[in-house]
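Please look through the sequence and the model below before reading the report that follows.

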Amino acid sequence: MKEKAEAKTKAARKTAATTVQPAQPKAVSEERDAAVEQKLVSLYALQSVDSAIDDIRILRGELPLEVQDLEDDIAGYQNKIDKLKADMDDISKNISDRKNAITDIKAQVKKYEKQLREVKNSREYDALNKEIELQNLENQLHEKKIREATALLEKKKADLERNEEACSERQKDLEVKKGELDEIIAETEKDEKALMKKSEEYQSHIEPRWLRLYERIRNNAHNGLAVVCVERDACGGCFSKIPPQRQIDIRMHKKIIACEYCGRFLVDESIREKVEESMEKE
């Protein structure tokens, strides 16, 4: 009986030994590693496309800003021109009104002078003379204001000519710059649209939280790089040295690792090669 019991115990232990270590955890680990690797591939592919778009926009240089500045300058000059013209119209109307007033005053003075010849007493004579004197003073005031307004009108005309000339020069510069910009855009528009479409496609394969982090890093980086390859044991973005153990972790693809100094996502050479091969096939 004792021998039978020992035999049963050994058989149970053998059965347990064959079922203690299932294959599933290893498969799950491999699946998790593959998912991380795919994320790294998608991030690096997105960075490659976005960098290509940046290169196209760099080709345009400062032209878009120069065009915008010239358009703003022209709009500013046009506002000045419109205001000067409005001011000149007001001044011209003021001069015309005063000239009409002088004409009326002269007609009134002639009327008073005629009445002077028909007065019957000194009181009426003095009153008419006083009225003629007041009319002449008002006439002198109008003439003075006309001279001042005419001088101001001439100054406004000079300002108008100067602003119109400057505006015309800016317009010529704008046409040249726009022509250069349109030529570059025509040459690169097709490629840029294709790259933009590809960028949107890669973005759709990346989780929103990683995409937000990617955009934040990219916006803060002067060269627009958020994902870089490890080169010569250093970060491809800030060129800081990466410890050997951390390089091993990067090559393992078990998690997404960022540079301790600049915060950029780090990938190894194998990720770059996969992305380049994939893009060559496309």
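## Surface, fold and cores

The chain has an accessible surface of about 19,600 Å², and 51% of this belongs to carbon and sulfur atoms; areas come from the Shrake-Rupley method with a 1.4 Å probe, and for residues only the protein chains shown count as cover. The model is predicted, so that local features need pLDDT of at least 70 and side-chain atom pairs count only at pLDDT 80 or more, while totals for chains, interfaces and linings use all residues. Residues are numbered from 1 along each chain as its sequence is written, and side-chain values use heavy atoms, with hydrogens and water left out.

The chain holds 7 helices and 3 strands, which are DSSP runs numbered from the N terminus (helices H or I, at least four residues; strands E, at least two). Of its 282 residues, 31% are buried, that is, under 20% relative accessible area.

The largest nonpolar core (buried Ala, Val, Leu, Ile, Met, Phe, Trp, Tyr and Cys residues joined through side-chain atoms within 4.5 Å) has 23 residues, and Leu43, Tyr44 and Val267 are among those that touch the most other members. The elements below each give two or more residues to this core, with α2 giving the most, 9 residues.

| Element | Residue range |
|---|---|
| α2 | residues 24–60 |
| α5 | residues 208–220 |
| β1 | residues 227–229 |
| β3 | residues 265–267 |
| α7 | residues 269–281 |

A second, separate core of 20 residues includes Val67, Leu70, Tyr77 and Leu160.

The open sheet of 3 strands has the order β1-β3-β2 with mixed pairing, where strands pair if DSSP finds at least two bridges between them. Because β1 and β2 stand at the edges with a single partner strand each, one side of each is left without a neighbour in the sheet.

Methods
Buried < 20%, exposed > 50% of the residue type's maximum accessible area, 1.4 Å probe, protein only.
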